Amino acid sequence: MQMLEARNLKVKYGKAEVLADITFSLSEGETLMLIGPNGAGKSTLLRTLNGTIQLTEGEVSINGKPLASYSRHEIAKRIAVVAQENETKFPITVRDFILAGRFASGTSFGWDSGSDISAAAAAIMECELEGFEDRLMNELSGGERQRVVLARAIATGARILLLDEPTANLDLAHQASMFRLVRKKCRDHRYSAVVITHDINLAAEFADRIMLLTEGSQYAIGTPAEVLLEASILEIFEMQVILDNNPVSGNVRVTSVY
C-alpha cells in the first residue's frame, strides 16, 4: 500500500529553483532515507511533504488523496514531524511535552485520557526515556531533547514519520538505537518514515531505500546497494571511497579514502 506519494515536485523561492522533478512513493512499512550534501534540498523536501512549504508544481498525496485537500488538523493526524534539534528549551516536563503532541493531533480535548497516557508511556519506553518523565526540557542535553521530540512524534499515533536528522547530537549507541527504533516501528507496526541523515553508513544499514539529492534534484533512488556507488559518491560528495559489506549485517559499507 502506498501511504505517501510525491509527483513531479518543484519549489521556487522567487526565481530560484530549490527543488525540481522529485517523484517517489513511500510504501507502508518502508523507511526511506534522504542523503546529499548541505544545500541539496533535503529539509525543503521534507517540509513540502507535510504542506509546510507550498509547491510551485507537482502534487503530494496521502493514501491516494491530494495533500492539499486535507486540513492542517487532518494532516497532523497522519504525519508527525521531528525537526532538527529545535525550540524545546523551555520549562515543561518531558511527560507534558510528549502529551502535548496528543493535543496537537486532535486525539485529546484538553485533558489526558487513558489512551493519551498509555501512548505517551509507550513512547517514553521505546525511546529509552524512563526516569526522564518529570525532568524539564530546558534541563536536558541536545541529544536527550531529540529523543523526547521523537517520542512525542511516536505518541501522536501518526503513521507517517518525517524525521530531519533525528540522531543529531546523539552518541553512537543512541544513533543506532534511534534508527533501529524507527525501522522497527515501520516493519512491525506498518508505519512509514522519510529520514534525513548525513551518515551514509547509518543510511546503508537501516534504510529500505535511499534517495540521493544534489542541488535540489533527485540524483538516484533505490536500495542502498543500488544508490551507494563509488562513482556516485565521488560525483556528489567529491569524496573517494571504498565499498565493501558489513561483516555482520551484509549491508553495503562506505569507507572514505583520505
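Reader: With helices (H or I, at least four residues) and strands (E, at least two) taken as DSSP runs numbered from the N terminus, where is glutamate 165 found?

Author: Glutamate 165 is in the loop between β7 (160–164) and α6. The model is predicted, with pLDDT of at least 70 needed for local features and 80 or more for side-chain atom pairs, while totals for chains, interfaces and linings use all residues. Residues are numbered from 1 along each chain as its sequence is written, and side-chain values use heavy atoms, without hydrogens and water.

Reader: What is the phi of glutamate 165?

Author: Its phi is near 50°, a positive value in a residue other than glycine. Asparagine 8, in strand β1 (residues 2–13), also has a positive phi, near 50°.

Reader: Turning to the interior, which residues touch the most other members of the largest nonpolar core?

Author: They are Ile98, Cys127, Val148, Leu150, Leu163 and Leu228, in a core of 51 residues. Helix α5 (residues 142–155) gives the largest share of this core, seven residues. A nonpolar core here is a set of buried Ala, Val, Leu, Ile, Met, Phe, Trp, Tyr and Cys residues joined through side-chain atoms within 4.5 Å. Buried means under 20% relative accessible area, exposed over 50%, and partly exposed in between (1.4 Å probe, protein chains only).

Reader: And which residues does leucine 228 touch?

Author: Contact means heavy atoms within 4.5 Å. Leaving aside residues up to four places away in sequence, leucine 228 touches Ile35, Ile200, Ala204, Ile210, Ile233, Leu243, Val252 and Val254. Another core, of 28 residues, lies apart from the largest one and has Ala6, Leu34, Ala40 and Val60 among its members.

Reader: How many aromatic pairs are there?

Author: The count is one aromatic pair, where rings of Phe, Tyr and Trp (its six-membered ring) pair if their centres lie within 6.5 Å, and planes under 30 degrees apart count as stacked, over 60 as edge-to-face and the rest as tilted. Phenylalanine 179 and phenylalanine 206 are stacked, at 5.9 Å centre to centre with 15° between the planes. The pair links distant parts of the chain, 27 residues apart, from helix α6 (residues 172–189) to helix α7 (residues 200–206).

Reader: Why does phenylalanine 179 count as buried?

Author: Phenylalanine 179 counts as buried because its relative accessibility is 1%. Phenylalanine 206 is buried too, at 5%.

Reader: Where does arginine 95 lie, finally?

Author: Arginine 95 lies in helix α3 (residues 94–104). At 33% relative accessibility, arginine 95 counts as partly exposed. Beyond residues up to four places away in sequence, arginine 95 touches Glu133 and Asp134.
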